[in-house]
Amino acid sequence: MLERELMALAEACGIALADAVGTDTWTGLRQAVASWFARGDARRERVELERLDQIVGELQTAEATEVEQVRIYLKRESQARIEILLRHLDDTECTRAVARLRSLLLQHAPSAAALPSRPPLQVDPQILTPIGEIRISSSRPEGG
């Protein structure tokens with residue numbers, strides 16, 4: 001499996017978790033992600049749920065200036081843990097785990113539907129300005 005695809009999926013899941021805290025999406029996504037990590041082990045699933053609840057507790061008690069840092073921590077920590085788990089699976093297990101993770105994200109975090117199924121396209125730096133805006137040219141190609 002392509003390394004970039006795994007990293008993009010792990011990042012999307014981390015972002016989805018961080019964005020879901022405090023929303024109606026949180027409960028279902030929390031349960032689904034904990035189940036995904038546990039891979040059928042009920043004790044491990046409880047540990048995963050407790051870990052997520054602890055982070056949410058930190059978010060709820062954080063000072064206003066710390067909330068964004070806790071969200072970033074949740075995103076990065078989740079992303080790293082997903083990447084590590086996926087890298088330690090054989091190809092068949094990894095393919096199944098990726099499909100399941102994609103499915104749970106699409107079900108519980110529809111904004112993650114933009115997950116790339118392939119590595120992202122390479123962008124020609126000539127069409128980007130230093131701040132990332134697309135330059136629009138009014139010139140037509142020759143012969144057109």
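1. Let's start with the middle of things: which residues of helix 2 are buried? They are Trp26, Leu29, Arg30, Ala32, Val33, Ala34, Trp36, Phe37 and Ala38. Keep in mind that this is a predicted model. As for what lies over those buried residues, the cover includes helix 1, helix 3 (42–61), helix 4 and helix 5 (91–108).

2. Now take a look at the helix itself. Helix 2 covers residues 26–38, so 13 residues by definition of the run. From first C-alpha to last, helix 2 reaches 18 Å, close to the 18 Å expected at 1.5 Å a residue.

3. What comes right after helix 2? That would be Arg39, with a positive phi. Its phi is near 50°, and Arg39 is a residue other than glycine. That's worth a second glance, because most residues other than glycine have a negative phi. Arg39 sits in the loop between helix 2 and helix 3. Is Arg39 buried, exposed or partly exposed? Arg39 counts as partly exposed because its relative accessible area is 44%, and the partly exposed class lies between 20% and 50%.

4. Compare that with another arginine, Arg51, which you'll find in helix 3. Arg51 counts as buried because its relative accessibility is 14%, and the cut-off for buried is under 20%. Which residues does Arg51 touch, if you skip its neighbours within four places in sequence? Arg51 is in contact with Phe37, Glu77 and Arg81. Phe37 should ring a bell: it is one of the buried residues of helix 2.

5. Next, follow helix 1 (residues 3–20) and helix 4 (residues 67–87). Their axes come within 8 Å and cross at roughly 145°, and the crossing is right-handed. On the helix 1 side, the contact is made by Glu3, Leu6, Met7, Ala10, Glu11, Cys13, Gly14, Ile15, Leu17, Ala18 and Asp19. Helix 4 brings Arg71, Leu74, Lys75, Ser78, Gln79, Ile82, Glu83, Leu86 and Arg87. How do the residues of this contact divide? There are ten nonpolar, three polar and seven charged. When you read those lists, remember that an α-helix has 3.6 residues a turn, so residues three or four places apart point the same way.

6. Last, the cysteines. Cys13, which takes part in the contact of helix 1 with helix 4, is buried, with a relative accessible area of 0%. Cys94 is buried too, at 4%. How many disulfides are there in the whole structure? A search finds zero.

Note on methods
Residues numbered from 1 in each chain as written. Predicted model: local features only at pLDDT ≥ 70, side-chain atom pairs only at ≥ 80, totals over all residues. Heavy atoms only, no water. Axes fitted to C-alpha atoms, helices over the stretch in contact; angles between N-to-C directions. Helix = DSSP H or I, 4+ residues; strand = E, 2+ residues; numbered from the N terminus. Left-handed = near helix turned anticlockwise from the far one by under 90°. Contact = heavy atoms within 4.5 Å. Nonpolar A, V, L, I, M, F, W, Y, C, P; charged D, E, K, R; others polar. Expected span 1.5 Å × (residues − 1). Buried < 20%, exposed > 50% of the residue type's maximum accessible area, 1.4 Å probe, protein only. Disulfide = S-S within 2.5 Å.
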